[in-house]
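Grab a pencil and open the viewer. Here are some exercises to work through, each with a solution that goes step by step.

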Amino acid sequence: MGRVAAMAIVEAQGVVTGWSEGARLLTGHPAQDVVGRVATGLFAGDTSGRTPAGLLVA
């Protein structure tokens, strides 16, 4: 398997507007379950305030 980039697009209000196939492979969440939701809800179990390894937040 070649390299796959994981990318999530999150608008200023924190809502996910884009989700790549790589993001699905990394998190297990398909785009139809993520797009339109608030990004912080995706990692609700992580209360450390840190970005999960491998996730770039821009």
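Buried means under 20% relative accessible area, exposed means over 50%, and partly exposed is in between (1.4 Å probe, protein chains only). Keep in mind that this is a predicted model, where local features need pLDDT of at least 70, side-chain atom pairs count only at pLDDT 80 or more, and totals for chains, interfaces and linings use all residues. Residues are numbered from 1 along each chain as its sequence is written, and side-chain values use heavy atoms, with hydrogens and water left out.

**Exercise 1. Work out the element order and see how confident the predictor is.**

Step 1. Start with the DSSP runs: helices are H or I runs of at least four residues, strands are E runs of at least two, and both are numbered from the N terminus. The chain has two strands and two helices, in the order β-β-α-α from the N terminus on.

Step 2. Now check pLDDT, the predictor's confidence in each residue on a scale from 0 to 100. The chain average is 80, and 71% of the residues score at least 70. By element, S2 has the highest confidence at 95, while H1 has the lowest at a mean of 92. Where pLDDT is low, the predicted coordinates should not be read in detail.

Step 3. Finish with the surface. About 4300 Å² of the chain is exposed, and carbon and sulfur atoms supply 57% of that (Shrake-Rupley method, 1.4 Å probe). Of the 58 residues, 21% count as buried.

**Exercise 2. Decide whether serine 20 is buried or exposed, and find what its side chain meets.**

Step 1. Locate serine 20: the loop between strand S2 (16-19) and helix H1 (21-27) holds it.

Step 2. Apply the cut-off. Serine 20 has a relative accessible area of 17%, so it is buried.

Step 3. List the contacts, meaning heavy atoms within 4.5 Å. Beyond its neighbours within four places in sequence, serine 20 is in contact with Ala5, Ala6 and Met7.

Step 4. Look at the polar atoms. A polar atom of the serine 20 side chain lies 2.8 Å from the backbone nitrogen of methionine 7. On the alanine 5 side, the backbone oxygen is 3.3 Å from a polar atom of that serine side chain.

**Exercise 3. Follow methionine 7 back from serine 20.**

Step 1. Methionine 7 sits in the segment before strand S1 (8-10). At 48% relative accessibility, methionine 7 is partly exposed.

Step 2. Setting aside residues within four places in sequence, the contacts of methionine 7 are Gly18, Trp19, Ser20 and Ala23.

Step 3. Try a C-alpha check too: methionine 7 and arginine 24 are 17 residues apart along the chain and 9.1 Å apart in space.

**Exercise 4. Find which residue forms a salt bridge with glutamate 21.**

Step 1. The rule asks for a side-chain nitrogen of Lys or Arg within 4 Å of a carboxyl oxygen of Asp or Glu. That gives a count of one salt bridge.

Step 2. The partner is arginine 24, with the closest N and O atoms 2.5 Å from each other. Side chains of opposite charge can pair when their charged atoms come close.

Step 3. Check the spacing: glutamate 21 and arginine 24 are three residues apart in helix H1, so about one helical turn separates them.

Step 4. Compare with the solvent side. Glutamate 21 is partly exposed at 47% relative accessible area, and arginine 24 is partly exposed at 31%.

**Exercise 5. Say which residues make up the largest nonpolar core, then explore the segment after H2.**

Step 1. A nonpolar core is a set of buried Ala, Val, Leu, Ile, Met, Phe, Trp, Tyr and Cys residues joined through side-chain atoms within 4.5 Å. The largest one has six residues: Val16, Trp19, Ala23, Val34, Ala39 and Leu42.

Step 2. Take leucine 42. Not counting residues up to four places away in sequence, it touches Val16, Trp19, His29, Val34 and Arg37.

Step 3. Next is alanine 39, in the segment after helix H2 (31-34). Outside its neighbours within four places, alanine 39 contacts Val10, Gly14 and Val16.

Step 4. End with valine 35, also placed in the segment after H2. Valine 35 is partly exposed at 40% relative accessibility. Residues up to four places away aside, valine 35 touches Val16, Thr17, Gly18 and Trp19.

Technical notes: Polar contact = N/O pair within 3.5 Å; in protein donor to acceptor, adjacent residues only side chain to side chain.
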